Amino acid sequence: MSANGVSPRKAVVVGAGPVGCLAAISLAKMGWMVEVYEGRPDMRLPSSKAAAQQRSINLAISTRGIAAIEAIEPKAADRFLKAVIPMRGRMIHHVGGRQESQPYDKDGQCINSIGRAFMNEDLLTDALTMPNTRAFFRHKVLNIDFDARVMSVRDEDAGQDKSVPFDFCVGADGCYSIVRSQLMRVVRMDYQQEYLPHDYLELKMPAGPPAQPGGEPTYLLDPNHLHIWPRHTFMLIALPNKDKTFTCTLFAPTTDFDRLDAPERIVNMFKTYFPDALPLIGEQALLYDFAHNPRSSLMTVKAEPYHYKDRAIILGDAAHAMVPFYGQGLNCGLEDVRVLDILLRAEGVDAATRVPDGEDDCLAKALARYSESRHEDLVSICELAMDNYVEMRHDVVTLGYLLCKAFDNILYSLTSKAILFSSLLPALTREPFPTRSPSGWLPQYTMVSFRPDISYSTVRRKAVRQRQILERAGWASVAVGVGAAGVAAFSVWRRLCNRA
């Protein structure tokens, strides 16, 4: 019961992943009664841990994701920052064994490896500590009547179906979203699903022996890097875990995976292309993971619009599944929640305002604004993520890429100042993207990962303009220029960059 004696409206959140949990926290703080429905068992139960291992055990969270959590639940952001392993750059592993560090940012900003289970369970616990939030596990949504505001749910434990009335529905139930499929029955939704001709398989690199007898295990690789073995059409990556292990992922064309149909072929492939990784993973462990871990597909999902009247909205992978090569799937989904939170508050949506036979104009307007303003950003990051696959598996070892990256950092130093994350936070609770026309030269990776005040679509447009400047000015000749010609060129560059 609210302070004025009116019962608050009920929001149902479908999906108890990180995005769904953060959405539940956001709505509960606005005064909604929130019910979370999840088809899987409670992830906090010991019996759920084995099933959880079928998914990646770590996630890469960058400033965008942290900013979103900070805007909704600051205490959770503080806990996560204490639990992450910072990765300050890529460590490139060449076939011959040489390693090459490529920092992500000239100012030392980093992305972070964090345990999936820790993060998800922590956000879920935060949501359920709020008195107006409940969760129902092993409850599978069957269909939704948005006009009647009722959801049909199968209680797997009780073996029966039940009807769940609601006022507002949030779909955060992943790339195979039931909420999205139900929305498509009542919304003229443009929808695209695309499978890549590439798959991935997860492997595990064990912890190393203690540095001293009786001591703790050690990392076999530098834990403050995201390790990449780029091999043109395929690649292996490794992210650190708190227990001193690494989660490794092999990405390769589906046809290449099909040829790895015998133990000797798997081992020979690693001996040929990943000779330094094979002894760290171990031949037997490698073969075990190939035999027991699922080989998974890569897909993208694009949809528009994301809402229906004042009744429902889809967030996260339900609205925009993307390939994982920019590490932005989680970050983007969390940012969805921050943007929606701001728009709901800006339109004055009141959790206690009931409109049983009509439409809540404030809520409908907020959801429409979300669909209209968010679509270009989501298409942009899906395409940027696809482009980054080529960069990670091939470009990072080419001379052109290395020269361009070095020049990127020089221009960044000449024309832009580092912006502290803490200085951005106040504005990020009031506006989705306060910086609409960023000045100076900014590397694309910096904008995507470390500037949550800049929208993905702005990042893409600015990156295109900067590439055009490089092409027009003939950056390669400038990069190798010396003496007076070089000084003059940099003067021209500085003027150009300030307009980029």
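This dialogue walks through the aromatic pairs, the sheets and the confidence of one predicted model.

Visitor: Before looking at details, what is the mean pLDDT of the chain, and where does pLDDT stay under 50?

Guide: The mean pLDDT of the chain is 90, and 91% of its residues reach 70 or more. Over residues 481-489, however, pLDDT stays under 50, and for that stretch the model has two contacts beyond four places in sequence.

Visitor: How should I read a pair of aromatic rings, and how many aromatic pairs are found here?

Guide: A pair of aromatic rings is described by the distance of the centres and the angle of the planes. A search of the whole structure yields 17 aromatic pairs. In one of them, the ring centres of Tyr200 and Phe251 are 5.8 Å apart and the planes stand at 40°, so the pair is tilted. Tyr200 belongs to strand β13 (residues 190-205) and Phe251 to strand β16 (residues 246-253), so this pair ties together parts that are 51 residues apart in sequence.

Visitor: Are Tyr200 and Phe251 buried or exposed?

Guide: Tyr200 is partly exposed, with a relative accessible area of 24%, whereas Phe251 is buried, its relative accessible area being 4%.

Visitor: Which geometry do the rings of Phe270 and Phe290 show?

Guide: Their centres are 6.4 Å apart and their planes stand at 90°, so the pair is edge-to-face. Phe270 lies in helix α8 (residues 263-273) and Phe290 in helix α10 (residues 283-292), so the pair ties together parts that are 20 residues apart in sequence. Phe270 counts as buried at 0% relative accessibility, and Phe290 is also buried, with a relative accessible area of 15%. Both residues belong to one aromatic cluster, which is formed by Phe234, Phe270, Tyr273, Phe274 and Phe290.

Visitor: Which residues lie over the faces of Tyr456 and Tyr412?

Guide: Over the face of Tyr456 lies Arg64, at 4.2 Å from the ring centre, while Lys106 lies over the face of Tyr412, at 4.4 Å from the ring centre.

Visitor: Turning to the sheets, in what order do the seven strands of the open sheet stand?

Guide: The order is β6-β5-β14-β15-β16-β13-β17, and the pairing is mixed. At the edges stand β6 (99-103) and β17 (296-304), each with a single partner strand, so one side of each is left without a neighbour in the sheet. Neighbouring strands of this sheet are turned by 30° against each other on average, direction ignored. Within the sheet, strand β15 (residues 235-240) is joined to β16 by six bridges, and the two run antiparallel; Ala238 has Cys248 in β16 as its bridge partner.

Visitor: Which strands does helix α13 lie across?

Guide: Helix α13 (residues 361-393) lies across β5 (89-93), β13, β14 (225-230), β15, β16 and β17, and runs at about 155° to β17.

Visitor: What is the strand order in the open sheet of six strands, and which strands stand at its edges?

Guide: Here the order is β8-β2-β1-β12-β19-β18, again with mixed pairing. The edges are taken by β8 (133-137) and β18 (307-308), each having a single partner strand, so one side of each is left without a neighbour in the sheet. Strand β2 (residues 33-38) is joined to β8 by five bridges, and these strands run parallel; Glu38 stands opposite Phe137 in β8.

Conventions: Residues are numbered from 1 along each chain as its sequence is written. This is a predicted model: local features need pLDDT of at least 70, side-chain atom pairs count only at pLDDT 80 or more; totals for chains, interfaces and linings use all residues. Side-chain values use heavy atoms; hydrogens and water are left out. Rings of Phe, Tyr and Trp (its six-membered ring) pair if their centres lie within 6.5 Å; planes under 30 degrees apart count as stacked, over 60 as edge-to-face and the rest as tilted. Helices (H or I, at least four residues) and strands (E, at least two) are DSSP runs, numbered from the N terminus. Buried means under 20% relative accessible area, exposed over 50%, partly exposed in between (1.4 Å probe, protein chains only). A charge sits over a ring if NZ of Lys or CZ of Arg is within 6 Å of the ring centre and within 35 degrees of the ring normal. Two strands pair if DSSP finds at least two bridges between them. Axes are lines fitted to C-alpha atoms, for helices over the stretch in contact, and angles run from 0 to 180 degrees between N-to-C directions. Contact means heavy atoms within 4.5 Å. pLDDT is the predictor's confidence in each residue, from 0 to 100.
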